Amino acid sequence: MNVLLLKEPRDGESGQDPYIKELASQGHKATLIPVLSFKFVALNTLSDKLFQPEKHGGLIFTSPRAVEAVKMCLEAEERREEWNKSVKDKWNKKSIYVVGKATAALVRSLGLNPLGEDTGTAEVLSRDIIEREDTNIPPLFFPCGSIKREVLPTALRENGVPLETLTVYQTAEHPDLEKNLKNYYMEQGTPASIAFFSPSGVKFCLEVVRRLSGEQIAQIKFAAIGPTTQDAMTAEGLCVACAAEKPTAEHLAAAIAKALQ
């Protein structure tokens with residue numbers, strides 16, 4: 001059956017997207033349509049902070065884009081050299097927190113050792129941080145996107161764990177989103193299942209999906225990558241057929257396959 005994945009392609013990943021691959025192994029044909037576009041900002045400030053690890057108690061990454069911003073700061077040869085020679089080791093003496101396996105893999109590619117890749121959500125990660133960290137540490141540094149949720153900053157603040165955030169990318173709707181969705185529906189018809197990967201994906205896509213699906217929308221099995229996205233879908237009045245137990249390709253494909261049986 002046809003499955004529509006409303007997500008960004010995995011950056012720097014060779015070969016097929018893991019979600020498309022996993023669904024194919026379950027006998028379903030998945031198509032990926034990117035929902036978001038990103039613009040990087042404040043990279044000079046980010047660079048300054050990255051090269052002053054002594055001023056921070058650790059790092060927090062909750063999205064692949066934030067790690068991508070760090071990579072951009074290390075593009076200059078002398079910066080990369082300094083990072084590899086001394087800076088990354090100073091960070092590795094501190095805690096480097098991540099949500100999810102995709103972000104963890106990118107963090108490792110910077111030579112850093114991530115903690116918390118199995119947490120899956122900001123809520124769970126914030127509990128881990130609160131348990132591990134003392135309130136008298138220097139602030140944890142959290143490079144993030146313009147539409148981050150306040151769950152993690154609020155939880156840390158309420159528990160006295162110091163935090164410094166910096167917006168390093170802005171999120172907007174992908175310029176070709178509506179056109180790509182129309183083309184998909186024209187060529188393949190209404191999909192059997194549609195998977196959402198973020199609350200902003202729900203916000204940017206749902207109206208177009210409703211319009212293109214018409215009365216057939218009742219037949220679509222809607223899937224969520226995790227609880228936050230599921231909440232956003234439910235808030236919009238969507239009936240969520242399934243959610244991934246963990247935010248991985250294997251878990252989502254298994255959930256969708258079960259819902260489509």
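A salt bridge here is a side-chain nitrogen of Lys or Arg within 4 Å of a carboxyl oxygen of Asp or Glu. The model under discussion is predicted.

**One bridge in detail**

Glu 164 and Lys 49 meet this rule, with their closest N and O atoms 2.6 Å apart. That distance falls within the 4 Å cut-off, so the pair counts as a salt bridge. The two residues are 115 residues apart and link distant parts of the chain. Glu 164 sits in strand β7 (residues 163-173). Lys 49 belongs to helix α2 (residues 43-50). Across the whole structure, the search returns ten salt bridges. Side chains of opposite charge can pair when their charged atoms come close.

**Two domains**

The protein chain splits into domain 1 (2-35 + 176-260) and domain 2 (39-171). Their C-alpha centres are 29 Å apart.

How many residues are in contact between domain 1 and domain 2? Eight residues of domain 1 touch nine of domain 2. The values for this interface are as follows.

| Item, domain 1 to domain 2 | Value |
|---|---|
| Buried area | about 720 Å² |
| Share of buried area on carbon and sulfur atoms | 62% |
| Salt bridges | zero |
| Residue pairs in polar contact (both at pLDDT 80 or more) | zero |

By class, the side of domain 1 that touches domain 2 holds two nonpolar, three polar and three charged residues. Charged residues are present on that side, yet the rule finds zero salt bridges across the interface.

**The annotated span**

UniProt, in an unreviewed entry, lists residues 19-253 as "domain: Tetrapyrrole biosynthesis uroporphyrinogen III synthase". The end C-alpha atoms of this span lie 7 Å apart. Helix makes up 47% of residues 19-253, and strand 20%.

Technical notes: Residues are numbered from 1 along each chain as its sequence is written. This is a predicted model: local features need pLDDT of at least 70, side-chain atom pairs count only at pLDDT 80 or more; totals for chains, interfaces and linings use all residues. Side-chain values use heavy atoms; hydrogens and water are left out. Domain bounds come from an automatic or database domain assignment. Contact means heavy atoms within 4.5 Å. Buried area is the accessible area (1.4 Å probe) that two parts lose on being put together, summed over both. A polar contact is a pair of N or O atoms within 3.5 Å; within protein, one must be able to donate a hydrogen and the other to accept it, and residues adjacent in sequence count only if both atoms are side-chain atoms. Ala, Val, Leu, Ile, Met, Phe, Trp, Tyr, Cys and Pro count as nonpolar, Asp, Glu, Lys and Arg as charged, and the others, Gly among them, as polar. UniProt positions are given in the numbering used here, feature names are shortened, and annotations may be inferred rather than shown by experiment. Helices (H or I, at least four residues) and strands (E, at least two) are DSSP runs, numbered from the N terminus.
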